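Let's take a look at the salt bridges in this protein. Have the sequence and the 3D view ready as you read.

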Amino acid sequence: MNVSLIHSIAHIEFNAMNIYLDTAVRFLKQIPEEMSVDLIDVAHDEANHFDSLNQRLKQLGSEYGSLEVHSGLLDNAIQTERNPLYRIGVTSLVNEGRGLDSGPRLLQKLLGVKDRQSHDIIKKILHEEVRHVNIGVKWFTYLCKEQNLDPNSEFQKLIAFLGIKVMPPFNLAARDNAGIPREWYSHSLS
């Protein structure tokens, strides 16, 4: 069970690294240099996360690439390949936001199967993901303001465009810590 779970998370981190790098380079002439620097910094974190998880997989007798994976994150990246606002929104706010939400359940599951090493790796990753989401909020809001757009409305348009449902349970403490305004997903809270 742990190999499959750790492999899935490693795949998410691997794709996140690539998508953040692609975003920084693809939109280089459309976004501020500081945003590119932030995205490369996040990609570096994601690479470290992937490396930690792949090392753990090796300790468990496996490695990344040994199991089938999904293409959901890449599909969303392809759908947003022409729009930096939507790209940062789906990558940092939707995908990383979901990571924040699933974190507590994942940590409990790992403790339940007495896998302290994987638990500690995931706990560190989750701590860093809060900063990643915060960077996403910062740049999503910035890009909206640059275009005279309302961030909440644009976030709603983004999830409608991609056909994404932002569903509970939410890790409200982590989302609040990351700075995601609750109004962006409050329709899902009721």
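Helices here are DSSP runs of H or I with at least four residues, while strands are runs of E with at least two, and both are numbered from the N terminus. What you're looking at is a predicted model, where local features need pLDDT of at least 70 and side-chain atom pairs count only at pLDDT 80 or more, while totals for chains, interfaces and linings use all residues. Residues are numbered from 1 along each chain as its sequence is written, and side-chain values use heavy atoms, leaving out hydrogens and water.

Now for the main term. A salt bridge means that a side-chain nitrogen of Lys or Arg sits within 4 Å of a carboxyl oxygen of Asp or Glu. Count them by that rule and you get 12 salt bridges. Here are three of them, with the distance between the closest N and O atoms.

| Acidic residue | Basic residue | Closest N and O atoms |
|---|---|---|
| Aspartate 22 | Arginine 26 | 2.8 Å |
| Aspartate 115 | Arginine 56 | 2.9 Å |
| Aspartate 120 | Arginine 116 | 3.6 Å |

Start with arginine 26 and aspartate 22. Both are in helix α1 (residues 2-26), and because they're four residues apart there, about one helical turn separates them. How open are they to the outside? We'll call a residue buried under 20% relative accessible area, exposed over 50%, and partly exposed in between (1.4 Å probe, protein chains only). On that scale arginine 26 is partly exposed at 39%, and aspartate 22 is partly exposed too, at 26%. This pair isn't on its own, either: Asp22, Arg26 and Arg87 are linked in a network of salt bridges.

Helix α5 has a similar story. Aspartate 120 and arginine 116 are four residues apart in that helix, so they too are separated by about one helical turn. Aspartate 120 is partly exposed, at 39% relative accessible area, and arginine 116 is partly exposed at 48%.

Next, find aspartate 115 and arginine 56, which form a salt bridge with their closest N and O atoms 2.9 Å apart. This pair links distant parts of the chain: aspartate 115 is in the loop between α4 (84-112) and α5 (116-146), arginine 56 is in helix α2 (residues 33-59), and they're 59 residues apart. Both aspartate 115 and arginine 56 are buried.

One last stop is aspartate 101, in helix α4. Is aspartate 101 buried or exposed? At 7% relative accessibility, aspartate 101 counts as buried. Counting a contact as heavy atoms within 4.5 Å, and skipping residues up to four places away in sequence, aspartate 101 touches Pro169, Phe170, Asn171 and Arg175.
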